[in-house]
Amino acid sequence: MIMSQIQTKRPAMAPNPPVFELIEVEQEFSVPKPGRSLLSRETVGLKALDGVRLSIAQGASLALVGESGSGKSTLLRVLLGLDAPSGGRALYRGRPIREARARGTGFARDVAMVYQDARGSLDPRMTVGHLIAEPLRHFDIVPKAEEAARVAQLIDRVGLPTDAASRYPSGLSGGQVRRVAIARALASEPSVLVADEAVSGLDVSTQAQLLTLLRSLQRDMGLTLVFITHDLGVASYLCEEIAIMYLGRIVETGPTDAVLERPAHPYSAALRAAAPRFFEPIPEPLPGEIPSPLDLPKGCRFSSRCPAAQDDCRLRDPQLGQQGAGRAVACLHPLTSTEAQASETR
Amino acid sequence: MKDMATQPILTLSDLSVHRGAAKILDRVTLSLAEGETLALVGESGAGKSTIATALMRLLDGAKVEGTAEMAGAGDLLALPERQMVKLRGRRLSMIFQDAGSALNPSYTVGRQLITVLRRNLGLSKAEARSRAIELFTSVGINDPEGRMTAYPHQLSGGMQQRVMVAIALACNPDLLLADEPTSALDVTIQAQIVRLILAQTRSRGASCIFVLHDLALASQSCDRIVVLYAGQVVEAGPSRDILERHRHPYTKQLKSCVLEIGTKDITAPEGTVPPHSEMPLGCRFATRCPRALPRCAGEAPPLQPARAGADGPLDHQFACWNPE
């Protein structure tokens, strides 16, 4: 009976617009022109995001993967409504994100964030109890009398020791600090959790503890999870979907297992190959480094490092397009094209 | 099957490091054969970096006990500083974790490499310069002549790490210590740098100690693995023995936390490393060990061979009273 109640309370799987939808999102920053003279004010446009298409459904778990300079953090700021994109549309449940954010506290309550630098995101002069109570009060979640009980509940839910409420962040380990940040994010009872490298830089055992916590939270509370990571192992453990970014564009999306088992974009294949695997010889890595976004290669932005680049790759810039069930890839010559065609004709 | 080829280049015996009341390394014993690559793995506080810094004699304000015999050089921990200065950079060199802060920000990278070459090898300015360009080329730096005049901040993290590898290898050292050389880098760059370090040390016949936290990467890059927990060696041996026939419960736990692509189940261990004030006197893992016996916390288990009859220092050894 309880189960059916929960199910009717929750919105059905698909009728509503997706939680987030990005349509041709562009983010251009104006930066000093390289090599300009000292007094010159010449600037050039730097496209940190370029033609980003992404849709995140209610209850989905999406890993956003890419190397430094791929535009993950810029995309995050657009999702959170901190920056308006310079082009394209960024929607939250069908409305422009900036508009949703400006109107009342609904957006801020519903979309919670766990920052990369968890320790830096917590006021060192506040106890853990106060830190967790802050969002409770700000969003008026519980009556004052129930505040302490709710704080204790949250502390317990994220696996902190019960006496943590009276401690300060400085007295906590790196793993515990991240748990506090998660508890704070959950305090406003959000339906969306956005986490930026929430488990990076931790010991493997601490990382394993946090990942099992995040997965159980996501499943038990039906959270929509957007998880930024550079670790494909983490992505494949935690998220059902994956979006791989390169130089400001999503180059491949789809179900995590399918994308990682049979990557269609040569960049996804290279990332996959570079991830450490027991006793596999370290494969020939990609040549060179990610180019400067001020000096994008002509045609496909990956063509300068792509082991499978052909002549037309240096002329045409591929957009993210459908590639088999639930998958999309931005490549003129996707790796599995022959297999994909074969399965389509069958 | 011990012959001259497996003569150890380095033998560490009972290395302990005290900082105040805390014993941050506890009787670490290990040896490294000529031409071998060894991984020190473990989590924060395991003492991996402390071992490397102690060998370089760069530990400040700590009491160091034990011996570290390096072939042809003597005990690194007892040598007078004057002789140590001659060893550093020539026979023994180190790649630091964060190249961005290990390089001097106020000199060009070319000058930093040339200084090392001139001081250690006594080359002339012109010789050192052409050797520096050769080295930059060999570590995969594009436009090496142009990069000679670049300051560290003008280079990406991957390029800075390549510069550091070039400096560390400048004088063909016999032993290279690489302290998490790729932990700050993206995965594709990590693969480039690890391959580079391995290729460069192998072509020179040098031995290498990698400090790593990633067991999978250790298995890909090193002949042998030493697993450390809270300053103690808990298991050591050939990489395959450690990962597939491990005996120590901590090694098992560490391996079970590794996320490969496609891993859907991990068992997260309970708790954390105890603070030094609460460290058990015996096996330091006893407080978190699922197989702990009453004697474990009080009595430190010695390293013992994993197979009967195999007692060579390079064989598989573990320290546990109740092994897997």
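**Entry 1: What "buried" means here**

I started with the word I would need most: a residue is buried if 20 or more other C-beta atoms lie within 10 Å of its own. With that settled, I looked at helix α2 of chain A. I found A:K72, A:T74, A:L75, A:L76, A:V78 and A:L79 buried in α2(A). This helix spans residues 72-79 and is mostly covered, with six of its eight residues buried. After α2(A) comes A:G81, and I noted its positive phi, near 75°.

**Entry 2: How far to trust the model**

I reminded myself that this is a predicted model. For chain A I noted a mean pLDDT of 88, with 92% of the residues at 70 or more. Residues 1-14 of chain A have a pLDDT below 50, and this stretch has three contacts beyond near neighbours in sequence. I found another such stretch at residues 337-346 of chain A, where pLDDT stays under 50 and the model has two contacts beyond four places in sequence. Where pLDDT is low, the predicted coordinates should not be read in detail. I left both stretches alone after that.

**Entry 3: The big sheet of chain A**

In what order do the eight strands of the open sheet in chain A lie? I traced them as β6-β7-β8-β3-β9-β10-β12-β11, with mixed pairing. The edges are β6 (111-114) and β11 (321-322) of chain A, each pairing on one side only.

Next I followed β8 (residues 224-229) of chain A to its partners. Strand β3 (residues 61-65) of chain A runs parallel to β8(A), and five bridges join the two. Two of the pairs I looked up were A:V65 with A:T229 and A:L64 with A:I228. β7(A) also runs parallel to β8(A), again over five bridges. There I found A:D196 bridged to A:I228. So far, then, I had met A:I228 as a bridge partner of A:L64 and of A:D196.

Is β8(A) mostly covered or mostly open? It is mostly covered, since six of its six residues are buried by the count of 20 or more C-beta atoms within 10 Å. I checked the two faces of β8(A): A:T224, A:V226 and A:I228 are buried on one side, and A:L225, A:F227 and A:T229 on the other.

**Entry 4: A helix over the sheet, and the core**

I then looked at what lies on the sheet. Helix α7 (residues 174-187) of chain A lies across β6 and β7 (192-196) of chain A and runs at about 170° to β6(A).

Which residues have the most contacts inside the largest nonpolar core? That core has 199 residues, and the ones with the most contacts are A:L64, A:V194, A:F227, A:I244, B:L113, B:A166 and B:V227. I picked A:V194 for a closer look. Leaving aside neighbours within four places in sequence, A:V194 is in contact with A:L76, A:L79, A:L80, A:V111, A:M113 and A:V226. Two of these, A:L76 and A:L79, I already knew as buried residues of α2(A).

**Entry 5: A second set of strands**

Strand β1 (residues 20-32) and strand β4 (residues 87-92) of chain A pair in the antiparallel sense over five bridges. One pair there is A:F20 with A:Y92. β4(A) also runs antiparallel to strand β5 (residues 95-96) of chain A, joined by two bridges, and here the partner of A:Y92 is A:R95. The hairpin of β4(A) and β5(A) has two residues between the strands, and A:R93 in it takes a positive phi near 45°.

**Entry 6: Positive phi in loops**

Most residues other than glycine have a negative phi. I went looking for exceptions. A:E189 has a phi near 55° and sits in the loop between α7 and β7 of chain A. It is partly exposed, because 14 other C-beta atoms lie within 10 Å. B:D143 has a phi near 50°, in the loop between α5 (125-138) and α6 (144-147) of chain B. Why does B:D143 count as exposed? The reason is that B:D143 has 10 C-beta neighbours inside 10 Å, and 12 or fewer counts as exposed.

**Entry 7: Where the chains meet**

Last, I turned to the contact between the chains. Here 35 residues of chain B are in contact with 35 residues of chain A. On the chain B side, α8 (187-204), α9 (215-221) and α11 (249-256) each supply at least two residues. The largest share, eight residues, comes from α8(B). By class, I noted 15 nonpolar, 14 polar and six charged residues on this side of chain B.

Terms used. Residues numbered from 1 in each chain as written. Chains lettered and ligands numbered in written order. Predicted model: local features only at pLDDT ≥ 70, side-chain atom pairs only at ≥ 80, totals over all residues. pLDDT = per-residue confidence, 0-100. Contact = placed C-beta atoms within 7 Å. Helix = DSSP H or I, 4+ residues; strand = E, 2+ residues; numbered from the N terminus. Nonpolar A, V, L, I, M, F, W, Y, C, P; charged D, E, K, R; others polar. Pairing = 2+ DSSP bridges. Axes fitted to C-alpha atoms, helices over the stretch in contact; angles between N-to-C directions. Core = buried A, V, L, I, M, F, W, Y, C linked by C-beta atoms within 7 Å.
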